[in-house]
Protein chains: 4
Amino acid sequence: MIRVGVNGYGTIGKRVADAVRAQPDMEVCGVAKRSPNYVAVGATEAGYPVYAADDDRAHEFAAAGIDLAGSVDKLVAESDVVVDATPSGVGAENRPLYEHHDTPALFQGGEDATVAEVSFNARVNYDEAEDADYVRVVSCNTTGLSRFLAPLYENYGIEKARVTLVRRGGDPDQTGRGPINDAVPDPISIPSHHGPDVQTIFPKLDIDTIGLKVPTTMMHLHTVNVTLENEPDDVTEIRDRLRSEDRILTIPDYAGIDGAGTLKDFALDAGRPRGDIWENCVWEESITLRGRDLYCMQAIHQESDVVPENVDAIRALSGHLTGPESRSLTNETLGIGF
Amino acid sequence: MIRVGVNGYGTIGKRVADAVRAQPDMEVCGVAKRSPNYVAVGATEAGYPVYAADDDRAHEFAAAGIDLAGSVDKLVAESDVVVDATPSGVGAENRPLYEHHDTPALFQGGEDATVAEVSFNARVNYDEAEDADYVRVVSCNTTGLSRFLAPLYENYGIEKARVTLVRRGGDPDQTGRGPINDAVPDPISIPSHHGPDVQTIFPKLDIDTIGLKVPTTMMHLHTVNVTLENEPDDVTEIRDRLRSEDRILTIPDYAGIDGAGTLKDFALDAGRPRGDIWENCVWEESITLRGRDLYCMQAIHQESDVVPENVDAIRALSGHLTGPESRSLTNETLGIGF
Amino acid sequence: MIRVGVNGYGTIGKRVADAVRAQPDMEVCGVAKRSPNYVAVGATEAGYPVYAADDDRAHEFAAAGIDLAGSVDKLVAESDVVVDATPSGVGAENRPLYEHHDTPALFQGGEDATVAEVSFNARVNYDEAEDADYVRVVSCNTTGLSRFLAPLYENYGIEKARVTLVRRGGDPDQTGRGPINDAVPDPISIPSHHGPDVQTIFPKLDIDTIGLKVPTTMMHLHTVNVTLENEPDDVTEIRDRLRSEDRILTIPDYAGIDGAGTLKDFALDAGRPRGDIWENCVWEESITLRGRDLYCMQAIHQESDVVPENVDAIRALSGHLTGPESRSLTNETLGIGF
Amino acid sequence: MIRVGVNGYGTIGKRVADAVRAQPDMEVCGVAKRSPNYVAVGATEAGYPVYAADDDRAHEFAAAGIDLAGSVDKLVAESDVVVDATPSGVGAENRPLYEHHDTPALFQGGEDATVAEVSFNARVNYDEAEDADYVRVVSCNTTGLSRFLAPLYENYGIEKARVTLVRRGGDPDQTGRGPINDAVPDPISIPSHHGPDVQTIFPKLDIDTIGLKVPTTMMHLHTVNVTLENEPDDVTEIRDRLRSEDRILTIPDYAGIDGAGTLKDFALDAGRPRGDIWENCVWEESITLRGRDLYCMQAIHQESDVVPENVDAIRALSGHLTGPESRSLTNETLGIGF
Ligand SMILES: NC(=O)c1ccc[n+]([C@@H]2O[C@H](COP(=O)([O-])OP(=O)(O)OC[C@H]3O[C@@H](n4cnc5c(N)ncnc54)[C@H](O)[C@@H]3O)[C@@H](O)[C@H]2O)c1
Ligand SMILES: NC(=O)c1ccc[n+]([C@@H]2O[C@H](COP(=O)([O-])OP(=O)(O)OC[C@H]3O[C@@H](n4cnc5c(N)ncnc54)[C@H](O)[C@@H]3O)[C@@H](O)[C@H]2O)c1
Ligand SMILES: NC(=O)c1ccc[n+]([C@@H]2O[C@H](COP(=O)([O-])OP(=O)(O)OC[C@H]3O[C@@H](n4cnc5c(N)ncnc54)[C@H](O)[C@@H]3O)[C@@H](O)[C@H]2O)c1
Ligand SMILES: NC(=O)c1ccc[n+]([C@@H]2O[C@H](COP(=O)([O-])OP(=O)(O)OC[C@H]3O[C@@H](n4cnc5c(N)ncnc54)[C@H](O)[C@@H]3O)[C@@H](O)[C@H]2O)c1
């Protein structure tokens, strides 16, 4: 049993904790949190030992009826692996703590690539993480792009990829974030940071990305163009390849799924925990081939697509299963694939 | 076992079907649907026999891989009770079909009150439905208001209620609905239809309502003022009464729940199916007493608060349990109350 | 000529500057700004001398091609009156500067009432500002409520007012502000600060306000209930009174104006500068009388309704015109009243 | 003087009417409208003779205090040119009326290209309209793309253009349109109709477009990639070419303009009627060259960019000025170029 500690129990952390618990070879030895809000109460109700990320606020937990198991230092000491899911930039500040305890750790995509030796995507470079102590699971957008590009890269070669990322402005619980009525270039400069981030996974890929954010909360939307090196026989071949990817869901035309609202409704109907969609969602009808130019649109559930990647990264760090073995175990235990 | 047919398997219908299935004294004998989209596929996967609401489109179901169990006429014939959850106004058109088969039926709040003999709220007038064949479960907003007003009405008397309903523009799956960037008086005239609708439940209540719609999809928000006839001792008394209501959730201050986004996140964390919140959500901090004037804000999950009411209404029609017995069985089987 | 300096040239400041320039008895002697963005460039193009609010950033103005007339200290020294339109809280920090130069000043509604001797609304308490050196023009919401309540207060007496303020989340240029998909109680506690703020204008008024914010940028929407002390003859009487108020626009039914989008479109069609609507916008159809209970809905253009109030407050401070004289001159020069 | 009749006086029609009136060689002989709402009242106040598009509703105009000048038939008879700005699809129904009176007419981009002999963009194919009787001014998006592509096409040749159109869900006055909280592929199939529409202007251009709509009302946003045939010296060369285009506004970095909200605020500050931005708005910082691959982002004001194109198309039809002469006269009279 790999004992996993989760430091930072928010949008990503709570999902990773639940996914870890569903694994036969892992257990959650605790979660660390700063503030005793409904999410912290939820951790207690889920049965996770709760640790205080910030000792000064320990008394607030008591006031909310939460028994603390200790401070984050203790959690790190007791864990075989820590998943750091604190806000962007805090992970880097935490690294010395993990080093101090000699505890291997995962970081999330909000950190700079330099926070860890390896940037990770289970489909592409599981092996690279096997020798590492610190691994960064790339962001929701980079994960989504890596999964989509991988089968194309392997089978046809990619001359160039061009992607527009229409990003959700904030998560459903982030009422402070905008924009309210604007589509905002973010960043204005091109390429956005997403292109170089994808290159941490595919170092030789020629990719240009453009980012903007819009007033939605449910999913990112990518419009993707890939100029392939070798022309496929026809678009059916591409559709079939994408369909056969384990972490890509292709949306058939008859389904009447027109955006993130219906996608999430579909996932909730299917009984997915929190309505999570761990898979890339590619509209079949959008997959189009014009010579060597492939186009499509995909939706990415920012809150959850990195969750199975975190599970696989824990296994890669601990080294007892191969990539395909881990991926298939993760898929099965979580119920990935509709 | 009460055999329940669901005619109209959309936002409300699919939830009612699942809730019915969870009852020990009921079973779903089938659901009728017009179009073979992802929701219809979901019905099949949930194991519900699917009937075609529209015979002309039966072949489309075959194309989507859905085996039809027959047409809606057959479903009505085989049901002890039909829950009509078709779009507003279609229920009234369906009533002759139910009469033809002598099948008692429930209608939803989108229908005019005249569609049925009784407008129904389980907390207030369960008994009235016991002798009826046709019952209308009042709308999400009216249900929410009735539950809130009931303990006040009983304990203090209500001189007058004044409510502003800040309504969500559309459900998460309704991409065609607006507004995008506007708060729209809807209707402009005062009182809105909600006041008279609440009076179908509390005939003698003096209530004025104002309606508007805003660019949100998750929940309605009500700002409520009630001038009580008798002054409570203090606000604590009111809080305690509201807390003790089975279908009201009072949100404590420390929870950090600031709106519908966090409420839904909380419900999803708690494992609620579809993230549904069957209860009224009242912010404790907002409950305020100024003399005989009580104020508060509550959020209402439009997609699900009527679901337990439908279950109770089925029982009221069939007459084998009392109101308190039914409500408590419904609450227990669904997991109402956090 | 009253020489007016505007410190803080943003949403409010730029509008006040233009309104001041339109007065026969005033001139803009300069505007102070922190950052040399498009608004600063606009000041230069409008012909206003630009002063640096922050000396450290003076070189940035040069880089943007803006010639500075000096620093804010000089502007204050040269002004007969300063209009402080800096962000909330900054005004209070600036007050010592104005005192140092013995320059009377106006503050805006984002400041606490304690920043000045008088909180001001031209319709209600112009006279009180005549002896003051420091005056606070109340916020957009408070201005809108004061104008609406004034004729009712004078003619019928007000037993109690209850208002829900459905506030826009941010101004059109504030892309960082949310919420995106939520109606957020703000504050959760009742009454919101708006009630006490209205009482700075009507000290004896019994008023309870509830505030929330929604994902819109154009206007606030108020749902208003006023229990009058004396019952009017009929609703026509009320409509006529509101119609005869100079800073209230009553929207007739046939106009087809359903919200802030059409209101702003209407104002832009009418050639209003910046599409500004200085008047309260009351839907005639919403004005409803139930005994002594009056209801209605009004929209308030947050960016501009305080502008004529600032102009009048400048005159009140300088003391050379009476309230009615000033209001009528302001109305005429700006073109208030459609 | 060219006597211009405007049939359909809504978002586009009212702007075209005002632009026509500003021309020394044109006059508005009347506008036709269906419903007597605020826009119709505005036409009267602007001094335009108002004609009833629908005789059956003539009495409604009287009720709103609008004197009708006659029915649309008369307007067409009296016009030298009709600008049809009725809703999508209605223009085609109106064509027989114009033919009956032998009156040349312009149609808008909501019509199919087959409605007229020529699809028109003043920058690209003014001459083609000179011999035509019926001309279609292409849509806001196609106009914006044509202007951007023209200088690239002429100077470098275009191997391929790839564009994502992030479209506003509705205009500010269209409260019925969504989506509220979704980015919706629209259409799901690729290419969207925009690509072929651009090819009505550039018949030989290789262009693929992807369309989606988002919950914003102010402007469209385009992310553009153009693979040039010949590589420019450097990006400065491109910037300078774009800057020198009369109907392209390049946004400098220091301006602090981050989206449509600030763009419209800027236009309103500059005194633009209705805050209209007739020019494409290209972020300078976004203009990027990677070999022969050019990228950038531009915002397009859907309500107004076609207005100067309509004015030029009227002149092209009437044939008394060349394209450059007309464009320059239109620019000067409207105040195009900041
Ligand atoms: N939300 C997303 O869409 C998303 C998607 C992929 C990756 N990520 C990345 O995941 C990471 C976490 O993001 P999130 O959205 O889950 O954030 P979050 O704000 O939802 O959760 C962060 C949690 O960390 C806690 N925390 C804050 N400071 C802390 C500290 N100093 N020590 C310990 N805990 C602390 C907070 O209480 C909170 O529980 C970031 O790197 C982010 O970029 C987020
Ligand atoms: N969605 C809400 O927020 C909400 C809340 C409370 C009450 N209601 C009421 O519930 C009822 C249903 O609303 P909904 O939101 O579930 O609608 P919906 O559109 O989500 O679902 C309606 C279903 O009925 C089917 N249908 C359409 N025409 C039909 C016909 N002629 N015969 C049989 N089925 C047909 C549709 O295929 C769809 O599956 C309405 O009266 C509505 O006012 C809705
Ligand atoms: N925007 C509204 O809806 C609105 C309505 C009514 C009242 N108000 C009040 O008006 C005041 C100004 O608000 P706003 O919306 O115009 O703000 P804003 O942010 O649009 O403008 C503030 C301006 O002040 C400048 N500034 C910032 N710090 C400064 C400093 N230290 N010294 C001098 N200038 C400085 C900024 O550069 C900016 O130009 C606030 O009190 C606000 O509460 C705003
Ligand atoms: N709004 C935009 O963003 C935009 C941009 C570019 C092009 N267009 C195109 O311009 C055209 C007009 O669009 P709009 O946005 O101005 O529409 P709109 O709805 O704002 O205005 C249409 C006007 O036509 C009137 N009308 C309706 N039916 C009529 C009829 N049968 N005869 C005469 N008048 C009638 C309406 O009363 C209204 O005044 C469409 O082809 C549209 O695709 C619109």
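What follows is a short exchange about ligand 2 and the relation of chains A and D in a predicted model.

Reader: Ground rules?
Author: Local features need pLDDT of at least 70, side-chain atom pairs count only at pLDDT 80 or more, and totals for chains, interfaces and linings use all residues. Residues are numbered from 1 along each chain as its sequence is written, chains are lettered from A and ligands numbered from 1 in the order in which they are written, and side-chain values use heavy atoms, without hydrogens and water.

Reader: Which residues come nearest to ligand 2?
Author: B:Thr11, B:Ile12, B:Lys33, B:Arg34 and B:Asp171, out of 20 residues around ligand 2. A residue counts as near if one of its heavy atoms lies within 4 Å.

Reader: What does the side chain of B:Asp171 do with ligand 2?
Author: An N or O atom of that side chain is 2.7 Å from a nitrogen atom of ligand 2. The cut-off for such a polar contact, a pair of N or O atoms, is 3.5 Å.

Reader: And how much of ligand 2 does the protein cover?
Author: 83% of the 830 Å² of accessible area that ligand 2 has on its own, by the Shrake-Rupley method with a 1.4 Å probe.

Reader: Switching topic. What rotation superposes chain D on chain A?
Author: One of 180°, with 0.0 Å of shift along its axis and an RMSD of 0.0 Å. That is the relation of a two-fold axis. The fit is least squares on C-alpha atoms of residues with pLDDT of at least 70 in both copies.

Reader: Which residue of chain D comes closest to the axis?
Author: D:Pro215, with its C-alpha at 3.1 Å.

Definitions and conventions
A polar contact is a pair of N or O atoms within 3.5 Å; within protein, one must be able to donate a hydrogen and the other to accept it, and residues adjacent in sequence count only if both atoms are side-chain atoms.
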